[in-house]
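Here is a set of exercises to work through at your own pace. Try each task with the viewer open before you read its solution.

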Amino acid sequence: MHLKDLAGILPVEGTASRDLEVTGLSSDSRSVKAGVVFFALAGSKADGSAYAADAASRGAAAVVAGKGAAVSGLSIPVLVVDDPRHALALAAARFFGRQPETMVAVTGTAGKTSVAAFTRQIWEQAGFAAASIGTTGVVAPGRNEYGSLTTPDPVALHRLLKELADAGVTHASMEASSHGLDQRRLDGVKLAAGAFTNLGRDHMDYHPTVEDYHRAKLRLFDTLLPKGAPAIVFADDPWSEPTIKAAKAAGLKVLTVGRHGDFLTLKRVEHERHRQRAEIVADGMLHEVDLPLAGDFQIANALVSAGLAIATGTPAAKALTALEKLKGAPGRLDLVGTTAAGAPVYVDYAHKPDALENVLTSVRPFTTGRVVVVFGCGGDRDRGKRPIMGEIATRLADIVIVTDDNPRTEVPETIRAAILAAAPGAIEIGDRRKAIHEAVAMLRAGDTLIVAGKGHEEGQTVGVQTFHFSDHEEVRDALKERAA
Ligand SMILES: CC(=O)N[C@H]1[C@@H](OP(=O)(O)OP(=O)(O)OC[C@H]2O[C@@H](n3ccc(=O)[nH]c3=O)[C@H](O)[C@@H]2O)O[C@H](CO)[C@@H](O)[C@@H]1O[C@H](C)C(=O)N[C@@H](C)C(=O)N[C@H](CCC(=O)O)C(=O)O
Ligand SMILES: Nc1ncnc2c1ncn2[C@@H]1O[C@H](COP(=O)(O)OP(=O)(O)OP(=O)(O)O)[C@@H](O)[C@H]1O
Ligand SMILES: N[C@H](CCC[C@H](N)C(=O)O)C(=O)O
Ligand SMILES: [Mg+2]
């Protein structure tokens, strides 16, 4: 590609640099090689324009910077744009050039990973070559790779989308995190539909207010989706109404799902221990669906996913039947095993207040004994959620064990103390392995144990080092020990 091929996105018209060859795009000077166009992004820690000279010295073809960025004295062209992050996303889409034909994105505080995975599974069952992209990585035919970000950076994202399209993937679902939306990571993706699950407290270290956080999520509806595109909105959340309003104002075709939903109406749910039976009305027809997953919230996620699949062309009956074969995303109310006395042990990714509240509430109806929870809060992340989660755990569980969950560069005791301040009677066991083993040892018939916060994660980050750690492995070990 030549610089002129990025015309319309970058101001290359009439410049001598039009014919420069472009070998790649990057927002990190450290990865710049000859011919790469470097995008200087204003970040939360650094200003990319400070690295323009570094990029030039590594052979960058040109630098793209925002108005007023301090980039001068370079021997390579400097192209000035209004919004460098937006320009990077569009340029990445054009540079890589291909994406799966039908793509959908889901946003919301909780449920994104589950919805992305469920939508892919419904499409697979409908016979499409489908992929999902999110917190747990990329899953596609013959491919299952762990990724680090929920919504990848635009260059990584569009490289991946091209690979998927080249491999024959026609349908892809992806998570749109609030960071991803705010930082324009998805601005170059051509979306056929979008979805909203719910809104709760999250990332209050990044967004100044919950309204600001909601606004970031709304970019999916008011900026990214083309007019007339379907927006699937879960209707039973306190933030459903403002979301529906915004999506309608943006000219989208709003399709609501849930008890208050019109597109897919949930009539009745009967819970069993590890499954639930739902009656769902679609287009005037009643469908009975036997969902093989525990947790009220999984019904919500299943409805949103079915909504996305139907809105993009899968027949309703097929999409709803597919729900009967859904597999939960790894680490989402994931039944790892049961004790000899039959007490189930779940690993769950609840690491924010609403999720913890939901997961603890979900297991109560089938727990005749005690609900036991092991959890902690991440270091270098939203401090405000710590006492809130302490209060929720104490209110909804019978035994609360507060432990460590990626303390990062904070003092672990301080994080635990902030949780414990609102969790009278909770047991403190910093060592997560010990906490899990002790919790399993406590279980009696009728009890349920939830190990929350890490879900699919495979590490414990202490300081700047990450040690291998898996809640799944520890639970299995502890169960084996008890059985021996
Ligand atoms: C807080 C945050 O979102 N940071 C993202 C942001 O980085 P930043 O703007 O803060 O970067 P910075 O360190 O200030 O540097 C500014 C710029 O200078 C560049 N630079 C820096 C140093 C250098 O030597 N050369 C150079 O060019 C950097 O590459 C960057 O472009 O923009 C970068 C480029 O798009 C992202 O990679 C980076 O994500 C980091 C890795 C991250 O951890 N993000 C997390 C918090 C995140 O996005 N999480 C969400 C949600 C998770 C969920 O709820 O599931 C996700 O989508 O994963
Ligand atoms: N629809 C929902 N409503 C409330 N809580 C949910 C819902 N779906 C999932 N959860 C809870 O949130 C946790 C994370 O679920 P999931 O990974 O699907 O959400 P996510 O939006 O991708 O989260 P993250 O932003 O952390 O990646 C689950 O383990 C469960 O505890
Ligand atoms: N994407 C989330 C994951 C948190 C998971 C939890 N285990 C923690 O480390 O806090 C975040 O970075 O806020
Ligand atoms: Mg996720």
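The exercises below go from the domains to the ligand sites and then to the sheets, and the model they use is predicted.

**Exercise 1. Domains**

Task: Find into which domains the chain is divided, and how many Å separate the centres of domain 1 and domain 3.

Solution: Start with the division of the chain, which gives domain 1 (3-94), domain 2 (97-324) and domain 3 (334-483). Next, take the centres over C-alpha atoms: those of domain 1 and domain 3 are 45 Å apart. Keep these bounds at hand for the ligand sites.

**Exercise 2. The shell around ligand 1**

Task: Describe the residues that surround ligand 1, and say which domains they come from.

Solution: Begin by collecting the shell, which holds 23 residues, with S44, K45, A46, T150 and S177 the closest. Sorting this shell by class gives five nonpolar, twelve polar and six charged residues. Then assign the residues to domains: domain 1 (3-94) and domain 2 (97-324) each contribute at least three.

Now look at single atom pairs. A polar atom in the side chain of S44 is 2.5 Å from an oxygen atom of ligand 1. For Q183, a polar side-chain atom lies 2.7 Å from an oxygen atom of the ligand. The side chain of R185 has an N or O atom 2.8 Å from an oxygen atom of ligand 1. As a last step, consider the cover: on its own ligand 1 has 1,100 Å² of accessible area, and the protein covers 77% of this.

**Exercise 3. Why ligand 2 lies between two domains**

Task: Explain why ligand 2 is said to lie between domain 2 (97-324) and domain 3 (334-483), and list the contacts that hold an oxygen atom of the ligand within 3.5 Å of the protein.

Solution: First gather the shell of 20 residues, in which T113, S114, R332, D348 and H351 come nearest. Domain 2 (97-324) and domain 3 (334-483) both supply residues to this shell, so ligand 2 lies between them. Helices take part too: α3 (112-125), α8 (296-311) and α10 (353-363) give at least two shell residues each.

Next come the polar contacts. An N or O atom in the side chain of T135 is 2.8 Å from an oxygen atom of ligand 2. For the side chain of D348, the corresponding distance to an oxygen atom of the ligand is 2.4 Å. Y349 uses a polar backbone atom, 3.1 Å from an oxygen atom of ligand 2. The protein covers 95% of the 620 Å² of accessible area that ligand 2 has alone. Finally, the class count of the shell is six nonpolar, nine polar and five charged residues.

**Exercise 4. The contacts of ligand 3**

Task: Work out which atoms of ligand 3 pair with D405, R408 and G453.

Solution: Ten residues make up the shell, and R381, D405, N406, R408 and G453 come nearest. Take the nitrogen contacts first: a nitrogen atom of ligand 3 is 2.8 Å from an N or O atom in the side chain of D405, and a nitrogen atom is 2.8 Å from a polar backbone atom of G453. Then turn to oxygen, where an N or O atom in the side chain of R408 is 2.9 Å from an oxygen atom of the ligand. Of the 350 Å² that ligand 3 exposes when taken alone, the protein buries 85%. The shell divides into one nonpolar, five polar and four charged residues.

**Exercise 5. Two open sheets**

Task: Trace the strand order in the sheet of four strands and in the sheet of eleven strands, and find the edges of each.

Solution: The open sheet of four strands runs β1-β2-β3-β4 with parallel pairing. Its edges are β1 (24-26) and β4 (78-81); each has a single partner, so one side of each has no neighbour in the sheet. To check one pairing, follow the three bridges from β1 to β2 (residues 36-39), where G24 has V36 as its partner.

The open sheet of eleven strands has mixed pairing, in the order β8-β7-β6-β9-β5-β10-β11-β12-β13-β14-β15. Here β8 (143-145) and β15 (285-291) are the edges, with one partner strand each, so one side of each is left without a neighbour in the sheet. An antiparallel example is β13 (residues 264-271) with β14 (residues 276-282), joined by seven bridges; among the residues involved, V269 is partnered by A278.

Note on methods
Residues are numbered from 1 along each chain as its sequence is written. Chains are lettered from A and ligands numbered from 1 in the order in which they are written. This is a predicted model: local features need pLDDT of at least 70, side-chain atom pairs count only at pLDDT 80 or more; totals for chains, interfaces and linings use all residues. Side-chain values use heavy atoms; hydrogens and water are left out. A residue is near a molecule or strand if one of its heavy atoms lies within 4 Å of it. A polar contact is a pair of N or O atoms within 3.5 Å; within protein, one must be able to donate a hydrogen and the other to accept it, and residues adjacent in sequence count only if both atoms are side-chain atoms. Accessible areas come from the Shrake-Rupley method with a 1.4 Å probe; for residues, only the protein chains shown count as cover. Ala, Val, Leu, Ile, Met, Phe, Trp, Tyr, Cys and Pro count as nonpolar, Asp, Glu, Lys and Arg as charged, and the others, Gly among them, as polar. Domain bounds come from an automatic or database domain assignment. Two strands pair if DSSP finds at least two bridges between them.
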